[in-house]
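Okay, thanks for squeezing me in. Let me put the model up and walk you through the parts I find worth a look.

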Amino acid sequence: MYGWIWRHLPGNAWVRAFISLILALAVVYALFEYVFPWAEPLLPFNDVTVDDAQGAHR
Amino acid sequence: MRSSIESDRTDGAGSVAATKTQDRTGEESVTAPRRRKRGIIATTVGVFGELLITAGVVLGLFVAYSLWWTNVVADREAGKQGDAVRDRWAGGPGALDTKDGVGFLHVPAMKNGEVLVKKGTEGSILNKGVAGYYTDPVKSALPSDDKGNFTLAAHRDGHGAKFHNIDKIKKGDPIVFETKDSWYVYKTFAILPETSKYNVEVLDAVPKESGAEKPGRYITLTTCTPVYTSDYRYIVWGELDRVEKVDNQRTPPAELG
């Protein structure tokens, strides 16, 4: 998978390494900015309020 | 390896070599697709392994996000909102003002400075590094009310972690709530280190579980416990000790000295 990406990147090894770094940073940014904020309320790690059993307002 | 054995054997008689060649071509036609199939399996396993590594890295990033990044974002946001409220209060003491928050919570035992308090306990509010007072399932009273329970919630970890050190509060410790015109000084009188997350009775106007029996002016802090999870809730109750008027210098009460 990563090998396939590497083979399809243009340029020499340095250019490829640079593009890879940019791609990795872009993925991390997307995770922190969009994916994790979306996923967090769905996971039971950070509810702090006491609630009715139905949890209607959450 | 096989080819070297074969070449050894083909060193023998010519007739043997001839049959061997035939044999070899026949063998090759069998080996080639088998080799390609093995290649597919190897590639599949390789991609699967890469996916597993990726999943591990993503989970690690999620931990970093939850415990570090949300704090960075929330503290920045809370600082901005707190400054906005302070700016509006700069004119001196005045009537209760609930626009961006009702006031600041100071709990010296938690050693985290002041916590802005806003209305509501939805994630969208608490995630900005503030404490919220309950509107649901039990509506909170305000400190200025004659009787009632001022009930607050904030995060234990991540998103500012404003109640992270709630376990450092001991009985008798002061909990001070600052509004535009008053300092409400509460004294901690009961702690419930672990209760069900469905135990909404802790928010009652007279929270029986704390030992309180008659209507009074109470404050309730709720957050999750144990740290890093939210299986249970940690509750701290305080009762109003006295109210001090805010002076022009906003001199804090002795408890915050």
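Right, so β1 of chain B pairs with strand β5, residues 174–178 of that chain, in the antiparallel sense over three bridges. When I say paired, I mean that DSSP finds at least two bridges between the two strands. B:His106 stands opposite B:Val176 in β5(B). Strand β1, residues 103–106, is also joined to β2, residues 114–119 of chain B, and there we have four bridges, antiparallel again. In that pairing B:Leu105 has B:Val115 as its bridge partner.

Some ground rules. This is a predicted model, where local features need pLDDT of at least 70 and side-chain atom pairs count only at pLDDT 80 or more, while totals for chains, interfaces and linings use all residues. Residues are numbered from 1 along each chain as its sequence is written, with chains lettered from A and ligands numbered from 1 in the order in which they are written. Helices (H or I, at least four residues) and strands (E, at least two) are DSSP runs, numbered from the N terminus.

Stepping back, chain B has three helices and eight strands. From the N terminus the order goes α-α-β-β-α-β-β-β-β-β-β. Chain B is 257 residues, and 31% of them count as buried. Buried here means 20 or more other C-beta atoms within 10 Å of the residue's own; exposed is 12 or fewer, partly exposed is in between, and the C-beta atoms are placed from the backbone.

Now, the active site. Which residues does UniProt give for it? The record, an unreviewed entry, places "active site" at B:His155 and B:Cys224. They are spread over 70 residues of sequence but cluster in space, with a largest C-alpha distance of 7.3 Å. Bear in mind that UniProt positions are in the numbering used here, feature names are shortened, and annotations may be inferred rather than shown by experiment.

B:His155 sits in the loop between β4 (148–153) and β5 of chain B. It is buried, because 26 other C-beta atoms lie within 10 Å. B:Cys224 is in strand β7, residues 217–225 of chain B, and B:Cys224 counts as buried because it has 27 C-beta neighbours inside 10 Å.

Chain A turns up here as well. Leaving out residues up to four places away in sequence, the contacts of B:His155 include A:Asn46, A:Val48 and B:Thr223. By contact I mean C-beta atoms, placed from the backbone, within 7 Å. On the same basis, B:Cys224 touches A:Asp47, A:Val48, B:Arg156, B:Thr229, B:Ser230 and B:Arg233.

Overall, the contact between the chains takes 18 residues from chain A and 30 from chain B. On the chain A side, the largest share, four residues, comes from helix α2, residues 13–39. By class, that side has 12 nonpolar, three polar and three charged residues. Ala, Val, Leu, Ile, Met, Phe, Trp, Tyr, Cys and Pro count as nonpolar, Asp, Glu, Lys and Arg as charged, and the others, Gly among them, as polar.

For the membrane people: UniProt, again in an unreviewed entry, lists residues 12–32 of chain A as "transmembrane region". That span is 95% helix and 0% strand, with its end C-alpha atoms 30 Å apart. In chain B the record puts a "transmembrane region", also unreviewed, at residues 40–68. Those residues are 100% helix and 0% strand, and the end C-alpha atoms are 41 Å apart.

Last bit: backbone oddities. Most residues other than glycine have a negative phi, and most peptide bonds are trans. Against that background, the bond from B:Asp136 to B:Pro137 is cis, with omega near 5 degrees, and B:Pro137 is in the loop between β3 (131–133) and β4 of chain B. Another cis bond joins B:Thr225 and B:Pro226, with omega about -10 degrees; B:Pro226 is in the loop between β7 and β8.

Then there's B:Lys111, with a positive phi near 50 degrees, in the loop between β1 and β2 of chain B. Is B:Lys111 buried or exposed? Exposed, because it has 9 C-beta neighbours inside 10 Å.

Key. Contact = placed C-beta atoms within 7 Å.
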